[in-house]
Amino acid sequence: ATTSSSSNNDSKSQNPMDQLRQSLQQRGIVSTFLDKFPIRLQGPLTAPFGEFEILYLDEDIRITRTGQNYIAVNRRVTPETAWF
């Protein structure tokens, strides 16, 4: 029973660099950075829509519905089908 409580204490008593290294390995760079240094985005511009729902998805087509209830159909472009 003492070994499990000591292992819990070990994870809490890690030095900050070990905690950072462990967080980077588990959560990745962006998530760890934003957790340590949160940012607040502000300014005059807003995104055209903040959410969407995927209605259909396969290797060639994606159909989504935006937060404003617009439907968008996106087709994958290959070098053979590109128009430019």
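In the predicted model, Leu57 is exposed, with a relative accessibility of 56%. This value lies above the 50% limit beyond which a residue counts as exposed. Leu57 belongs to strand β1, which spans residues 52–57. The C-alpha atom of Leu57 is 9.6 Å from that of Asn74, a residue 17 positions away along the chain.

Strand β1 is part of an open sheet of three strands, arranged in the order β1-β2-β3 with antiparallel pairing. Because β1 and β3 (71–75) each have a single partner strand, both stand at the edges, and one side of each is left without a neighbour in the sheet. From one strand to the next, the twist averages 25 degrees.

The pairing of β1 with strand β2 (residues 61–66) is antiparallel and runs over five bridges. Within this pairing, Phe52 has Thr66 of β2 as its bridge partner, and Tyr56 is bridged to Ile63, also in β2. The two strands form a hairpin in which three residues lie between β1 and β2.

Strand β2 also pairs with β3, again in the antiparallel sense and over five bridges. One of the bridge partners in β3 is Arg75, which is matched with Ile61. A hairpin is formed here as well, with four residues between β2 and β3. In the turn of this hairpin, Asn69 has a positive phi of about 75 degrees.

Thr64 is located in strand β2. With a relative accessibility of 6%, Thr64 counts as buried, because the limit for burial is under 20% relative accessible area. When residues up to four places away in sequence are left out, Thr64 touches Phe52, Glu53, Ile54 and Leu55, together with Tyr70, Ile71 and Ala72. Among these contacts, Phe52 is the residue whose bridge partner in β2 is Thr66.

Along the chain as a whole, the protein contains three helices and three strands. The order of elements from the N terminus is α-α-α-β-β-β. Of the contacts in the protein with a separation of 6 or more, 0% are between residues 24 or more positions apart. Buried residues account for 5% of the 84 residues, and Thr64 is one that counts as buried. The accessible surface of the protein amounts to about 8,000 Å². Carbon and sulfur atoms contribute 56% of this surface.

A nonpolar patch of about 880 Å² is present on the surface. The residues that make the patch are Leu24, Ile29, Val30, Phe33, Leu34, Phe37, Ile39 and Leu41. Helix α3 (residues 29–36) supplies the largest share of the patch, namely four residues. Val30, a member of the patch, is placed in helix α3. The relative accessible area of Val30 is 59%, so Val30 is exposed.

Note on methods. Residues are numbered from 1 along each chain as its sequence is written. This is a predicted model: local features need pLDDT of at least 70, side-chain atom pairs count only at pLDDT 80 or more; totals for chains, interfaces and linings use all residues. Side-chain values use heavy atoms; hydrogens and water are left out. Buried means under 20% relative accessible area, exposed over 50%, partly exposed in between (1.4 Å probe, protein chains only). Contact means heavy atoms within 4.5 Å. Accessible areas come from the Shrake-Rupley method with a 1.4 Å probe; for residues, only the protein chains shown count as cover. Patches are made of residues with over 30% relative accessible area and no salt bridge: like charges are joined within 9 Å, nonpolar side chains (Val, Leu, Ile, Met, Phe, Trp, Tyr) within 5 Å. A salt bridge is a side-chain nitrogen of Lys or Arg within 4 Å of a carboxyl oxygen of Asp or Glu. Two strands pair if DSSP finds at least two bridges between them. Axes are lines fitted to C-alpha atoms, for helices over the stretch in contact, and angles run from 0 to 180 degrees between N-to-C directions.
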